[in-house]
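Reader: Could you walk me through the pockets of this model?

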Amino acid sequence: MLRSFVAAAALVGLLAGPSVARAQPAPSTAPKVLVFPFAAIGDDARASADLFRKNLVNQIDLLSEVDSLDPARAETTLGKPLADARDGCADDDPCMTALARAVGARYLVKGGLLVNAGVFTLNLQLFDAEAGKTVKPPESKQVASEDAGVKSMGLAAMWLFGTTAFLAIECDVPGADV
C-alpha cells in the first residue's frame with residue numbers, strides 16, 4: 001500500500017512537470033501617498049470622516065500617477081497612531097518632510113470634516129515631501145449629505161493629483177459660499 005502511494009505521488013510530480021516560478025508583478029514606481037485620518041468636528045463627524053477618507057484612498061488607488069500607502073503599515077513604522085503623528089507635526093514643514101520620509105511617502109494628505117446642522121464641510125490639503133512644503137493649500141467643499149461627500153472623493157483625488165478643480169464639484173448646499 002505504501003509503495004502504491006509513493007508511486008502515485010511520483011506520477012503526480014511527473015505529470016505536474018517542473019515547478020515554474022510565477023511571475024510577480026513589478027513593484028510600482030509611482031510616488032506613494034499617505035492619507036492621514038481626517039480631523040472630525042461636529043455632529044457625529046468621526047464616522048463620516050472615516051468614510052470620506054476610505055473613499056478618497058480608494059479613488060487615489062484608481063489614479064495611475066500615485067499609489068496609496070497602507071495606514072496600518074505606516075503606523076507600525078512610526079510606532080504611533082497616524083492622527084498623533086499628524087497632530088505632532090501640525091504645519092511644521094520639516095517635521096512633515098521627516099514623517100513622509102520615515103514611511104516612504106512623497107505626498108501626505110491632511111483633511112478635516114466639519115458637520116454642522118446636516119452640512120458637511122470637507123477641507124483637504126496636499127504636502128509634497130520632495131518640495132518640503134504644502135503644494136495644495138487647504139481648500140474646502142460643502143455638501144448637504146454624507147452620500148454627496150463620498151461621491152465627491154473621486155474629484156477630490158483628481159484635484160490633489162491632477163488638474164481638476166475641487167470646487168468644480170457642484171455645491172448642493174443652498175446659499176453656501178464656497
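Author: Here are some questions and answers on the two pockets. This is a predicted model, in which local features need pLDDT of at least 70, side-chain atom pairs count only at pLDDT 80 or more, and totals for chains, interfaces and linings use all residues. Residues are numbered from 1 along each chain as its sequence is written, and side-chain values use heavy atoms, with hydrogens and water left out.

Reader: What volume does the largest pocket have?

Author: On a 1 Å grid over the protein atoms alone, a pocket is an open set of points where a 1.4 Å probe fits, with protein on both sides within 12 Å along at least five of seven lines. Points are joined across faces, edges and corners, and the volume is the space filled by probe spheres set on them. For the largest pocket that comes to about 220 Å³.

Reader: Which residues are the closest to its centre?

Author: Lining residues have an atom within 4 Å of a point. Of the 14 that line the largest pocket, the closest to the centre are Ala39, Gly111, Gly112, Leu113 and Asn123.

Reader: Which element gives the largest share of that lining?

Author: Strands (E, at least two residues) and helices (H or I, at least four) are DSSP runs, numbered from the N terminus. Strand 2 (39-42), helix 4 (82-89), strand 4 (107-116) and strand 5 (119-128) each supply at least two lining residues. The largest share, 5 residues, comes from strand 4.

Reader: Which element gives the most to the lining of the second largest pocket?

Author: The second largest pocket has a volume of about 160 Å³. Helix 3 (71-78) and helix 5 (93-103) each supply at least two residues of its lining. With 3 residues, the most comes from helix 3.
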